[in-house]
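This report describes annotated binding sites and one pair of packed helices. The sequence and structure come first.

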Amino acid sequence: MAAPGENLRIDGDRLWDTLMEMAKIGPGVAGGNNRQTLTDADAEGRALFRRWCEAAGCTMGLDGLGNMFAERAGTDPDALPVYVGSHLDTQPTGGKYDGVLGVLGGLEILRTLDDLGIRTRRPIVVTNWTNEEGTRFAPAMLASGVFAGVHAQDWAEDRTDADGKRFGDELDRIGWRGDEAVGARKMHAFFELHIEQGPILEAEGKDIGVVTHGQGLWWLQVTLTGKDAHTGSTPMEMRVNAGLGMARVTEAVHRIAMDHLPNAVGAVGQANVYPNSRNVIPGKAVFTVDFRSPDLDKLNSMRARLETEAADIAMDLGLGIEIEPVGHFDPVTFDETCVGAVRAAAERLGYSHRDIVSGAGHDACWINQVAPTAMIMCPCVDGLSHNEAEEITRDWAKAGADVLLHAVLETAEIAE
């Protein structure tokens with residue numbers, strides 16, 4: 001099949017207007033968004049996306065975890081569809097583009113094909129995956145994980161938020177549970193457009209990141225148990241200070257990641273001490289360690305070393321310790337053919353590009369287990385994401401969606 005012509009482009013202004021319209025739903029306090037999964041704002045954003053898709057002539061499918069599938073029919077009723085998409089949910093202090101660009105960029109390619117009267121042999125389906133962020137209901141990429149067979153649906157529906165509300169109950173409350181069996185759909189390929197969430201593309205002046213791999217990760221929850229005591233009247237040598245233990249483990253996490261360079265990162269993210277009073281020595285500390293690497297051996301080595309060193313720290317300070325894995329996926333190698341279609345699209349369109357490893361987890365990381373998958377990245381200002389100040393340019397958004405259009409057309413095949 002001939003490649004799409006280089007003059008074939010999306011409508012960048014329409015894409016930008018669509019992004020700004022979605023950003024009005026669940027506004028944040030500082031210019032971004034707070035459209036957390038399964039909230040009323042999430043329901044409102046879903047309804048708007050459905051209206052746009054139906055106006056573009058798509059049929060909307062909905063599965064038992066609220067994953068949305070907007071399908072544009074192909075000319076071959078027996079051909080497996082090409083899927084594109086990402087997520088519409090955000091962090092509590094999220095930006096306007098993380099995830100959203102991939103969903104609405106997918107919608108824009110369908111609108112462009114309608115404008116130009118182009119038909120494809122394979123159907124094209126734009127997907128909104130439920131609860132990619134994992135902020136309200138851990139872990140991240142929850143519904144795509146069930147779709148790929150990584151998690152059980154019952155287990156996913158029993159996840160609870162900080163207020164004790166169940167995922168399944170909240171899905172029912174907002175009215176976005178469908179009848180389709182989760183994971184029943186079969187895909188010919190899947191493409192996800194996303195902002196980089198890092199500084200490399202902007203720093204190097206590249207328009208497009210061709211994502212070849214995704215980092216694996218270990219999330220480890222560490223609980224240190226000491227003894228609450230008065231900070232003023234307890235002698236230093238008689239303290240069993242869980243807060244001190246947390247500080248030493250935090251330093252160890254940094255040192256372990258540094259010792260595994262290159263291609264390794266680690267940090268303590270969420271951290272809590274109890275009773276969290278200014279004049280009480282913490283008797284308990286609970287915190288999460290996040291290790292990531294595209295190298296599985298390094299990833300597992302960092303975990304093993306942390307478990308050994310943290311146990312030694314706890315013993316030295318007289319603390320009890322528990323370490324529980326609360327999130328994990330192996331490094332991802334994306335499909336060579338799909339990655340090649342992305343790279344060829346960027347070259348055909350004249351966009352500067354480089355191969356890149358995704359530092360964050362994405363729905364594509366799970367879908368890669370059940371279908372050939374690739375990702376496209378565009379720059380973001382200062383690499384900032386998961387922050388209301390997250391920003392991209394119209395040109396970056398357009399370039400990413402142009403490459404998405406061409407990669408999808410090459411894979412879905414323009415009908416004769």
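His 386 is partly exposed, with a relative accessible area of 40%; buried means under 20% relative accessible area, exposed over 50%, and partly exposed in between (1.4 Å probe, protein chains only). The model is predicted: local features need pLDDT of at least 70, side-chain atom pairs count only at pLDDT 80 or more, and totals for chains, interfaces and linings use all residues. Residues are numbered from 1 along each chain as its sequence is written, and side-chain values use heavy atoms, with hydrogens and water left out.

His 386 is found in the loop between β15 (373-378) and α12 (394-412). Helices (H or I, at least four residues) and strands (E, at least two) are DSSP runs, numbered from the N terminus. The side chain of His 386 makes a polar contact with the side chain of Asp 98 at 3.3 Å. A polar contact is a pair of N or O atoms within 3.5 Å; within protein, one must be able to donate a hydrogen and the other to accept it, and residues adjacent in sequence count only if both atoms are side-chain atoms.

UniProt, in an unreviewed entry, lists Asp 98, Glu 133 and His 386 under "binding site". Although spread over 289 residues of sequence, these residues cluster in space, the largest C-alpha distance being 9.6 Å. UniProt positions follow the numbering used here, feature names are shortened, and annotations may be inferred rather than shown by experiment.

The unreviewed UniProt entry also places the feature "binding site" at His 87, Asp 98 and His 194. They span 108 residues in sequence, yet no two of their C-alpha atoms are more than 9.8 Å apart, so they gather at one spot. The table gives their places and accessibility.

| Residue | Place | Relative accessible area |
|---|---|---|
| His 87 | loop between β3 (82-86) and α3 (100-116) | 0%, buried |
| Asp 98 | loop between β3 and α3 | 4%, buried |
| His 194 | strand β5 (residues 189-195) | 1%, buried |

The side chain of His 87 reaches the backbone oxygen of Asp 89 at 3.0 Å.

Elsewhere, helix α1 (residues 12-23) and helix α2 (residues 40-55) pack at an angle of about 150°, with their axes 10 Å apart. Axes are lines fitted to C-alpha atoms, for helices over the stretch in contact, and angles run from 0 to 180 degrees between N-to-C directions. The contact (heavy atoms within 4.5 Å) involves Thr 18, Glu 21 and Met 22 of α1 and Gly 45, Leu 48, Phe 49 and Trp 52 of α2.
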